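Work through these exercises with the model open beside you. Try each task before you read its solution.

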Amino acid sequence: MLRPAHRKISLILIALSIFYLYLSFQLPSFTNTVIDASTMPKALGVGLIILSLILFFSPDKETKEDKEKRIIPKEDLRKIIGVVFMILAYIFLLERLGFLLVSFLFIFFCSLFLGYTKHGVNLIVSILFPLVLYSAFTMLLGISLPSGIIPF
Amino acid sequence: MGSLEGILSGVQLAFSIEGILFVFLGVLAGTLIGMMPGLGPISAIAIMIPLTYNMDPTVALVLMAGVYYGAVFGGSTSSILLNAPGISGTVATSFDGYPMAQRGEAGKALAVAAISSFVGGTVSVVLLMLFAPALSSVAVVFGPPEYFALMVLGLTAISSLSDGSTVKALISAVLGIMAVTIGIDSQTGTTRFTFNNPNLLEGIDFLVVALGLFALSEVCALIINRSQTSKDRKSLGSLKLSKSELKDMSGPVGRQSILGFILGVLPGAGATIASFIGYITEKKLAKKPKEFGKGAVRGVAAPETANNAATSGAFVPLLSLGIPGSGTTAVLLGALLVLDIQPGPLLMGEQPQLFWGVIVSMYVGNLFLLILNLPLIPYIAKILAIPRPLLISLVIMFSMIGVYSISFNTFDLYLLLIFGIIGYLMRLFKFPPAPFILAFILGGMMEESFRQAMTMSNNDLSVFINKPIALGMLIAAFLSFVVPIWQGYYRKKKHAA
Amino acid sequence: MKKFWLSTLALCTGLTLAACGGGENEESNADNNAGDGSWQPEQSIEFVAPSGAGGGWDTTARMAAEGFEEQNIMDEGIGVVNKEGGGGAVGWAYIAGKAENPHHLFVASPPLLLIPLNGQSEYGYEDFTPIANMISDYGAFAVREDAPWDDLNELFDDMKDNPDNITVIGESSPGSMDHIQFIKIAKEAGVDPQSVKYVSAQDGSTMTNLLNGNADVYSTGVTETVEQVRAGEIKVLGVTAEERLEGEVVEDFPTAVEQGIDATFINWRGFFGPPGMTDAQIAYYEEKFQELNDSAHWEDTREKYAWNELYMDSEEYAEFLKEEEKTMQELLDDVNMQEE
């Protein structure tokens with residue numbers, strides 16, 4: 001029954017709309033507004049449930065090819081998760097270590113991780129690109145990016 | 001005639017050495033700033049303000065106008081090459097621009113964008129010159145009922161923005177409106193769905209959603225999809241458009257120059273809505289609508305013409321009424337006040353040289369943009385020849401700095417990542433992201449204008465029927481939603497019979 | 001060399017770079033009269049504008065930074081940083097996290113009172129150290145030229161009878177500036193605050209909606225109305241200042257007070273520091289801001305932006321804010337439309 005992917009998704013969406021509706025009903029109502037803050041969210045929540053139900057009962061039109069596309073080889077999945085973690089590290093460190101250093105580390109190691117082997121080119125790009133961006137932002141545009149531990 | 005003298009003095013100013021120099025600098029800075037995701041026309045103008053303090057007011061306005069339309073002109077580059085729309089006006093450009101680039105026709109896509117932008121920009125300046133005074137009254141006609149109708153009309157595009165399941169497209173759109181309800185509700189001041197997080201009070205920024213759903217999810221796809229090797233590098237930068245392609249784009253460019261301009265005149269509508277409506281109307285008019293979304297030349301030409309035409313249109317309410325119709329023109333208005341220019345109904349009469357000088361300089365500016373951009377295209381297009389792993393790292397960093405530079409808040413970066421993952425999942429399960437972003441842009445305005453209209457009319461729905469413009473657009477919206485469904489049903493029946 | 005280049009650039013553009021120490025070491029002897037000498041900044045100073053580029057807070061911060069730089073008032077460089085979000089809440093949370101580090105100041109105005117009172121920020125003015133108020137703006141209430149009202153009293157009388165027929169429009173959402181300034185004056189005139197039909201339009205369409213008749217009254221700042229008044233499209237029924245303003249056009253705007261409605265609304269703007277600043281630190285900044293306030297350069301800036309002078313030192317400021325907060329709280333209670 002839950003085999004086709006669209007049915008699983010439809011159930012997830014229904015759960016989401018119930019949560020959203022629950023929050024909508026928590027919203028305060030106001031005496032002197034005609035259309036309340038919660039009116040449209042309620043309509044959206046109900047609308048999403050109806051659409052999800054239609055999706056649930058619609059026939060499975062996916063071809064085999066479509067399904068195969070969704071199967072991600074383990075190796076690729078590992079790559080995506082790795083990149084996601086590197087992005088998290090980038091965000092976490094951006095204001096702590098500063099734009100230049102973090103961007104250098106990110107570009108260099110992310111490219112390396114994704115299988116780029118020309119280390120020399122990688123090193124040059126990962127130093128130059130952030131440097132050019134940083135100077136363009138701070139000097140030409142007057143937008144200060146976090147300088148962090150590099151003292152300029 | 002006073003206005004003829006005014007135009008002449010404007011021409012004189014626009015063609016003075018100073019005028020030409022600053023138009024050039026303005027469009028150069030604008031187009032470069034516009035190419036960076038995150039830095040749109042608003043930041044471009046804000047950045048220029050301090051530079052203009054001691055300038056002659058007209059020259060300063062010429063410079064800032066150049067920065068403005070230059071940024072819109074340059075905004076298409078990252079949409080086409082990296083699927084990373086930097087401003088909302090270029091989201092629609094990525095629908096067909098990116099597939100073209102994927103096909104190895106990056107140079108061609110950029111050339112189409114540049115030419116359409118040029119024509120859209122130039123034609124609309126002609127319209128601006130001829131009709132600015134007359135159109136100023138049109139700009140004032142639109143109130144909440146009309147805006148509501150316009151937003152609804154824009155949203156009917158959802159059905160035409162997906163080539164797969166209509167249900168999935170609608171779900172995607174509902175999710176988009178849900179995302180935009182997060183934040184302080186403008187009509188009551190209460191907070192909605194913020195979970196007491198101050199970072200969510202002002203809602204989610206458009207750029208976070210656009211770069212997440214489009215650029216980051218594309219990055220995920222690039223990581224996995226190794227089968228595609230680097231494209232034919234020679235063809236990447238080729239600008240050559242065949243005669244049939246030029247002919248193909250002439251229709252959309254002509255129509256959207258006018259439609260985009262009119263939509264640009266309306267305060268609050270602006271380049272974004274113009275580009276979407278431009279895209280949709282051309283898809284409806286096309287003989288082969290199926291090609292849209294897969295790299296159609298018309299699909300790039302239409303939104304690019306429309307958004308640049310709309311930019312000139314935005315100068316109508318600004319210069320002839322002193323009414324800023326968008327965030328960007330509001331910042332521009334602020335900058336003008338500092339220079340002792342008071343745009344308003346009297347500006348044209350009191351300072352004709354300034355009024356016409358700026359308008360005439362826009363012709364020069366658009367020409368500069370074309371001359372600047374075309375020769376650069378082969379080099380810019382080569383960005384795609386950067387080895388895949390390095391390109392991925394750079395796009396990720398570029399997107400993050402784009403988002404960071406608008407709010408300087410790392411919270412937005414986490415959101416960006418979340419939208420990237422959502423975008424990738426949507427891709428896997430074939431939920432189109434375009435309706436999501438369209439609904440995200442239009443949904444908020446639709447709710448706001450509906451509630452404004454209802455409050456103003458004391459809860460009387462007839463406001464939407466009594467106003468002919470609103471009624472007309474609602475009927476058009478209804479037809480454009482129902483007719484395709486009915487046609488589809490009818491066709492099926494025929495097949496079955 | 002690099003430092004010299006940078007500070008020249010900063011001077012030219014008025015946009016200073018964070019962490020650029022300025023290059024005026026040779027002048028430090030002549031300039032060594034900081035405060036009572038007991039505290040000096042140890043690093044470059046950061047002005048935070050809790051909004052995006054281009055708005056009122058941002059302009060004030062950038063102009064003040066430029067003024068300090070141009071007049072060589074401070075030895076340290078000043079960088080302007082935007083912390084956008086939550087109508088200011090994100091920037092305030094950022095400064096609250098800088099407790100005991102008096103190198104981070106921020107610009108604030110009435111939303112610093114209103115937003116916490118509306119429950120939209122966990123930090124309020126009491127969490128910060130008021131340093132100096134610099135300028136003020138006032139609100140204006142405009143109607144179409146052909147509107148049936150010629151002064152505020154006519155408008156308010158009509159409003160008492162038919163509140164449903166009069167739409168007031170403003171930029172900000174209910175419970176913030178444009179709404180509250182109107183409520184404050186209207187309430188004094190005897191209008192029931194709850195009955196005021198207020199619509200917020202945040203997409204820049206406020207003036208349009210006044211002109212095309214969708215709204216009847218526009219609650220906004222004085223400068224926003226000037227051009228349309230000059231063109232004879234609208235008229236200003238009243239401004240929220242104590243006395244008539246100076247300058248062409250605006251000098252003709254009657255105040256609410258002179259129409260017998262004894263209420264004003266000041267859109268003040270000044271600088272605050274993080275929590276826990278010492279008296280010596282406050283004294284240092286007070287003196288610097290006073291010096292800026294008295295400079296001809298700052299006078300030019302005020303004139304350029306049509307700001308009014310309103311200087312208050314730390315103590316006065318704190319007192320003033322306390323009073324203001326009480327008033328705001330009352331007004332918000334009055335308009336509280338939330339159903340329990």
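Helices, of at least four residues, and strands, of at least two, are DSSP runs numbered from the N terminus. Keep in mind that this is a predicted model.

**Exercise 1. Take stock of chain C.**
Task: Find how many helices and strands chain C has, and what share of its residues count as buried.

Solution.
Step 1. Count the elements: chain C has 11 helices and 10 strands.
Step 2. Apply the cut-off: a residue is buried under 20% relative accessible area. Of the 340 residues of chain C, 59% pass this test.
Step 3. Turn to the surface. The accessible surface of chain C is about 13,100 Å², and carbon and sulfur atoms supply 42% of that.
Step 4. Look at the contacts in chain C with a separation of 6 or more. Residues 24 or more positions apart make up 79% of them.

**Exercise 2. Find the buried side of a helix.**
Task: Which residues of helix H5 (residues 152-161) of chain C are buried, and what covers them?

Solution.
Step 1. List the buried residues of H5(C): C:Leu152, C:Leu155, C:Phe156 and C:Met159.
Step 2. Check their directions. They span an arc of only 90 degrees around the axis, so they sit on the same side of H5(C).
Step 3. Recall the helix rule. An α-helix has 3.6 residues a turn, so residues three or four places apart point the same way.
Step 4. Look for the cover. The buried residues of H5(C) lie under elements of chain C including strand E4 (129-144), strand E5 (167-170) and helix H6 (177-188). Strand E7 (217-221) and strand E8 (234-239) also belong to the cover.
Step 5. Inspect the start of H5(C). There, a side-chain oxygen of C:Asp151 comes within 2.9 Å of the backbone nitrogen of C:Asn153.

**Exercise 3. Place a strand among its partners.**
Task: How many residues of strand E9 (residues 266-273) of chain C are buried, and which residues stand opposite C:Phe271?

Solution.
Step 1. Count: 8 of the 8 residues of E9(C) are buried, so the rest of the structure largely encloses this strand.
Step 2. Recall the strand rule. In a regular strand the side chains alternate between the two faces of the sheet.
Step 3. Sort E9(C) by side. One side holds C:Ile266, C:Trp268, C:Gly270 and C:Phe272. The other holds C:Asn267, C:Arg269, C:Phe271 and C:Gly273. Both faces are covered.
Step 4. Find the pairings. Strand E3 (residues 104-108) of chain C pairs with E9(C) in the antiparallel sense over 3 bridges. E4(C) and E9(C) also run antiparallel, joined by 8 bridges.
Step 5. Focus on C:Phe271. C:Val107 is a bridge partner of C:Phe271, and C:Ala132 stands opposite C:Phe271 as well.
Step 6. Follow E4(C) onward. E4(C) pairs with E8(C), antiparallel, over 5 bridges. Within that pairing, C:Phe141 has C:Gly238 as its bridge partner.
Step 7. Check E8(C) for burial. Its 6 of 6 buried residues mean that E8(C) is largely enclosed by the rest of the structure.

**Exercise 4. Judge two glutamates.**
Task: Is B:Glu218 buried or exposed, and what does its side chain join? Then judge C:Glu291.

Solution.
Step 1. Locate B:Glu218: it lies in helix H10 (residues 206-224) of chain B.
Step 2. Read its accessibility. B:Glu218 counts as buried because its relative accessibility is 7%.
Step 3. List its neighbours. Not counting residues up to four places away in sequence, B:Glu218 touches B:Asn83, B:Tyr98, B:Gln102 and B:Arg427. A polar contact of 2.9 Å joins its side chain to that of B:Arg427.
Step 4. Turn to C:Glu291, found in helix H9 (residues 279-294) of chain C. Its relative accessibility is 37%, so C:Glu291 counts as partly exposed.

Definitions and conventions
Residues numbered from 1 in each chain as written. Chains lettered and ligands numbered in written order. Predicted model: local features only at pLDDT ≥ 70, side-chain atom pairs only at ≥ 80, totals over all residues. Heavy atoms only, no water. Buried < 20%, exposed > 50% of the residue type's maximum accessible area, 1.4 Å probe, protein only. Contact = heavy atoms within 4.5 Å. Areas by Shrake-Rupley, 256 points an atom, 1.4 Å probe, with all protein chains shown as cover. Arc of directions from axis to C-beta. Polar contact = N/O pair within 3.5 Å; in protein donor to acceptor, adjacent residues only side chain to side chain. Pairing = 2+ DSSP bridges.
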